[in-house]
Amino acid sequence: MGGTKLLGIVAVVAALYFGRDVLLPLAVAVLLTFALAPVVAWLRKVHVPRIAAVITVVVAAFAAIILFGAVVAGQLSSLAQNLPLYQYNIETKVQTIRDANIGESVFDRVSVLLERLGREIEADDDDGRPGTVSTDRDTVQPLPVRVIEPSAQPLQVLQSLVGPLIEPLATGGIIVVVVIFMLLKREDLRDRFIRLVGAGDLHRTTAAIQDAGRRVGQYLLMQLVVNVTYAIPVGIGLWLIGVPNALLWALLALVLRFVPYIGPVIATIFPLALALAVDPGWTMLLWTAALFIVLELISNNVVEPWLYGSRTGLSALAIIVSAIFWTWLWGPLGLLLSTPLTVCLVVLGRHVPQFEFLDVLLGNEPVLEPHQQLYQRLLAGDPDEATDRAEVFLADQSLAAFYATVAIPALALGEADRSRGVLTDERRQRVAECAADLVDNLEDYAVVGPAEGAAPTAANGEAPDTAAAPAAADLSRPLRGEGRTVLCAGGRGELDDAAALMLGQVLACEGASVRSVGHRALVSARLGGLDLDGVDCVVIGFLNASSEMHARYMVRRLKRVRRSLRVGVVFWASAGDAIEDVKQSAAIGCDFVAHTMADAVGGALTGEPAVSGAPAPAVSSTPAPLPAAAG
């Protein structure tokens with residue numbers, strides 16, 4: 001199947017390359033249709049007839065393009081006439097650089113020396129060549145001979161002038177006709193496309209068409225607005241600085257900024273070079289460079305983030321790769337169309353399962369879920385990056401929500417890998433240690449204060465002020481865990497121990513006094529040394545949902561030590577309901593069974609008395625009292 005897909009991709013690329021003469025005008029027409037369709041729709045809303053709206057919009061758009069080209073051509077002609085006037089300034093600056101020995105090195109000096117030696121050798125050869133007769137300066141030089149061909153026919157002259165214009169004019173005419181046709185028959189073309197590619201799934205096909213139109217249309221519109229807001233200050237600034245043909249550079253900047261990354265650089269080079277040639281000094285060059293630097297900073301950091309409310313959905317690497325690919329495929333015009341065309345590919349991959357790889361390769365959406373990303377960082381032994389990702393989550397979510405929806409599911413992935421036998425003991429130990437380091441790094445986010453069963457965090461995601469933390473408890477209700485002591489323990493392994501640390505930190509946020517122990521502390525040989533004085537509740541956590549029997553024996557051992565001890569069991573990686581939890585807790589003999597962080601916190605901090613549990617055989621030497629006789 002992989003080979004078939006690869007052959008299909010190669011065939012499509014070959015068809016795009018060899019059919020570019022036909023496909024390129026169609027691609028331009030489709031993108032112009034996406035850009036002009038909202039304007040036509042607006043005119044239709046104000047009761048303008050469809051034909052009149054389409055003709056008006058198309059004529060206005062292409063008139064603007066022709067006017068733009070005419071202005072650029074006039075500015076270029078004026079610039080070409082004035083270029084010889086700047087020759088002296090350029091020669092002066094070059095001589096200044098030479099006099100300052102800028103860039104001169106040993107290699108430069110050696111090359112100059114070799115060049116002089118070569119000229120001397122050639123002169124000696126000419127002087128010593130047999131048959132060479134030296135001439136005086138006043139010797140009459142031979143007259144130049146020029147061959148004059150007969151004048152061309154008028155038809156040939158007309159053909160040489162009109163020939164180069166026929167192809168672009170024909171292409172432009174085809175684009176105009178196709179755009180008009182697509183705008184007039186837009187709904188009919190949409191229905192035919194749906195019938196062709198997805199009549200069996202109208203919902204998905206309609207969503208794909210709307211998504212593509214919205215993304216491409218918004219990209220073209222927002223990019224045009226950004227470029228205009230960039231080009232106007234460029235023109236005004238260059239005019240005030242004194243750079244000739246400021247209107248030309250502003251218009252070129254408007255167009256070239258449609259080209260990703262390299263377009264703004266090209267738009268900057270020409271005005272800088274002209275400023276260097278025009279001004280005898282360096283002031284104009286410095287002011288021009290400062291103008292472009294300030295405008296780029298404002299455009300990239302203020303205007304674009306403000307206007308791009310909905311981005312194209314492409315990653316930065318995808319934009320660069322697509323620019324290279326489409327330039328190779330269709331030349332400079334392909335570079336200009338690279339981003340909109342790639343947006344259409346991403347939309348195709350997002351809505352068509354067979355092309356999902358396009359969305360994975362080119363899209364900017366995360367391809368891994370947050371808990372998968374965290375587990376990958378834990379596997380790599382990188383708690384610092386894991387902490388960075390956690391802090392991004394904690395910018396607008398609580399610590400308890402992070403542990404419940406990201407960290408605990410990440411540990412559950414590790415337990416699943418261990419059960420399948422793909423996680424070695426060394427890696428399991430590394431994941432557990434990194435998870436413990438993560439809990440320790442997030443200690444600053446463990447603010448003491450109630451938040452509906454979850455620990456609150458700083459609103460801005462930064463480390464909260466611990467001095468102000470006690471005041472947070474007075475903002476809502478009393479702390480549920482105040483005055484209670486909870487022991488959190490892992491069930492069967494190091495990953496369970498890490499989950500117990502996370503639960504303990506959340507309980508501490510509720511004001512409880514928390515102790516945490518590893519799973520080895522609850523084995524029979526060490527249970528006698530476990531300090532349970534003052535402990536109100538013990539919570540044992542299991543990432544393996546099939547640990548019910550193991551949980552029953554652990555609860556039984558704890559109940560033997562102290563019957564009044566409240567013991568709860570948490571099965572992190574499983575789901576349950578209230579009825580099933582009651583049955584499961586009765587089978588295990590514990591006080592409560594939980595599956596979520598909120599239920600575990602609520603069960604640990606409740607004031608309900610502990611259940612008696614099954615009677616332990618031969619625990620006490622005092623015989624049980626006999627029941628009273630009836631009557």
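I began with Phe-542, which stands opposite Phe-571 in strand 4. Strands here are DSSP runs of E with at least two residues, and helices are runs of H or I with at least four, numbered from the N terminus.

A note on what I was reading: this is a predicted model, where local features need pLDDT of at least 70, side-chain atom pairs count only at pLDDT 80 or more, and totals for chains, interfaces and linings use all residues. Residues are numbered from 1 along each chain as its sequence is written, and side-chain values use heavy atoms, with hydrogens and water left out.

Next I looked up the partners. Strand 3 (residues 537-542) and strand 4 (residues 566-571) run parallel, joined by six bridges. Two strands count as a pair if DSSP finds at least two bridges between them.

How are the five strands ordered in the open sheet? I found the order 2-1-3-4-5, with parallel pairing. Strand 2 and strand 5 (592-594) are the edges, each pairing on one side only. On average, neighbouring strands are turned by 20° against each other, direction ignored; axes are lines fitted to C-alpha atoms, for helices over the stretch in contact, and angles run from 0 to 180 degrees between N-to-C directions.

Then I turned to the helices. Helix 19 packs on this sheet and touches strand 1, strand 2 and strand 3, where contact means heavy atoms within 4.5 Å. Its direction makes about 160° with that of strand 1. Helix 23 (residues 597-605) lies across strand 1, strand 3, strand 4 and strand 5, and runs at about 160° to strand 5.

My last stop was strand 1 (residues 485-490), which runs parallel to strand 2 (residues 513-517) through five bridges. Here Leu-487 stands opposite Arg-515 in strand 2.
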